Amino acid sequence: MRTLRPRPPLNTFGIAFGLTGLAGAWTEAARSLASPQFIAEALWVLALLVWLATAVLFISRLHGWNELTGDLKNPVLGPFAALIPIPPMLLGAHLEPTLPQVGVPLVWVCVVVSAVFGSWFISQLLTVSRGFGPVHSGYFLPTVAAGLLTAQSLAVIGEPKLAVGALGIGMLFWLLIGGAVIARLIAGPDSLAALMPTLGIFSAPPAVAGNAWWIISGGQGSMISELLAGAMAAVIAPHLFLVRRYAKLPFALGFWALTFTAAASATFTLRLLSLESGAWAAVAAWCVLAAATLFIGAIGVRSLALLRQRQPVRS
């Protein structure tokens, strides 16, 4: 009997993605709420370790170029390949103030990889007919998420003009891909239950754009920040009516699709609250941070339990 070791699907990289988002939220909390810096650093280390473990498992169980291209061209899971360069890109931006000789090159390498994959992904959308069936909010990842997070990272390493350009790319595809996803969700066919958590990705762009603009503008409140805050509230509010539907779904690692949105929204909210005076703002910020941490932590605990339940497949 031999043990078959399945390759982790590309959306498994969403675990590290969500953890980097949470690390970013606690990094902002260290700035605006004077929370312990070691919590943020521990989360960055955890995110890196999870990313490395996922990458090693994926590469070690990959059997040839055909399998890789098959994964990338998969109309459902292929878009999640965009998550491979994003966590190290965000880590590089985090390292820039203390280790620029590591952080800056890491950001640039990941920006190039992300741009190449995003361009290839768009070329596939333009030339390969797939219908609306497989389309889901994960299609935001190679275009919208990659563009907005590239903007944030480039702003951190001191490239404001390029950051604004990347922000424009992310906003452009937010409109284009967002329209296609809305049409798909309205017109059907019904999505698989396993894809429902990707609705969290649909709600991410306002907060992610807000965080990018915060860095580009030097942390100053502006009408743009207020506009994006309103948009964030508008796309998050519908999830309150979906809680019961989420709760009825069997738990799977796909639930990590909800985590980066939760973390990015918490980060943006903390930044906006830091502009307010009064004790209420600090209390509200702590509540937002605690809610995001508990939510992501609960998904992490459920994920560990799920992984322990899985048994090797034998043949």
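This passage describes three helix pairs and one internal cavity in a predicted model.

Helices α6 and α7 form the pair considered at the outset. Helix α6 spans residues 141-156 and helix α7 spans residues 160-187, and their axes come within 7 Å and cross at roughly 165°. Since angles over 145 degrees count as roughly antiparallel, α6 and α7 are therefore assigned to that class with respect to each other. The crossing in which α6 passes α7 is left-handed. On the side of α6, the contact is made by T143, V144, G147, L148, T150, A151, L154 and A155, and these residues meet L162, A163, A166, L167, G170, M171, F173, W174 and I177 of α7. Sorted by class, the contact between α6 and α7 comprises 13 nonpolar and four polar residues, and no charged residue takes part.

An antiparallel arrangement is also found towards higher residue numbers, in the pair α12 and α13. Helix α12, made up of residues 259-273, packs against helix α13, made up of residues 279-309, at an angle of about 170°, and the axes lie 9 Å apart. This angle makes α12 roughly antiparallel to α13. The residues of α12 that make the contact are T259, A262, A263, A266, T269, L270 and L273, while α13 contributes W280, A281, A284, A285, V288, L289, A292, F295, I296 and I299. Of the residues in the contact of α12 with α13, 15 are nonpolar and two are polar, and none is charged.

The pair formed by α1 and α4 has another orientation. Helix α1 (residues 14-32) packs with α4 at an angle of about 20°, and the two axes are 9 Å apart. With angles under 35 degrees counted as roughly parallel, α1 and α4 are therefore roughly parallel to each other. Their crossing is left-handed. In this contact, A16, F17, T20 and T27 of α1 meet I86, P87, L90 and H94 of α4. The contact of α1 with α4 divides by class into five nonpolar and three polar residues, again without any charged residue.

Two residues of the α1 and α4 contact, T20 and P87, recur in the lining of the largest cavity. The structure holds one cavity of 30 Å³ or more, and the volume of the largest cavity is about 50 Å³. The lining of this cavity consists of T20, W44, A47, L48, W51, P87, P88 and L91. Both α2 (37-60) and α4 (86-95) supply at least two residues of this lining, and the largest share, four residues, comes from α2. Seven of the lining residues are nonpolar and one is polar, whereas none is charged. Helix α4 thus appears twice in this description, as a partner of α1 in a roughly parallel pair and as a contributor to the cavity lining.

Key. Residues are numbered from 1 along each chain as its sequence is written. This is a predicted model: local features need pLDDT of at least 70, side-chain atom pairs count only at pLDDT 80 or more; totals for chains, interfaces and linings use all residues. Side-chain values use heavy atoms; hydrogens and water are left out. On a 1 Å grid over the protein atoms alone, a cavity is a set of points where a 1.4 Å probe fits but cannot get out, and a pocket is an open set with protein on both sides within 12 Å along at least five of seven lines; lining residues have an atom within 4 Å of a point. Grid points are joined across faces, edges and corners, and a volume is the space filled by probe spheres set on the points. Ala, Val, Leu, Ile, Met, Phe, Trp, Tyr, Cys and Pro count as nonpolar, Asp, Glu, Lys and Arg as charged, and the others, Gly among them, as polar. Axes are lines fitted to C-alpha atoms, for helices over the stretch in contact, and angles run from 0 to 180 degrees between N-to-C directions. Angles under 35 degrees count as roughly parallel, over 145 as roughly antiparallel, 65 to 115 as roughly perpendicular and the rest as oblique. A crossing is left-handed if the near helix is turned anticlockwise from the far one by less than a right angle, and right-handed if clockwise. Contact means heavy atoms within 4.5 Å.
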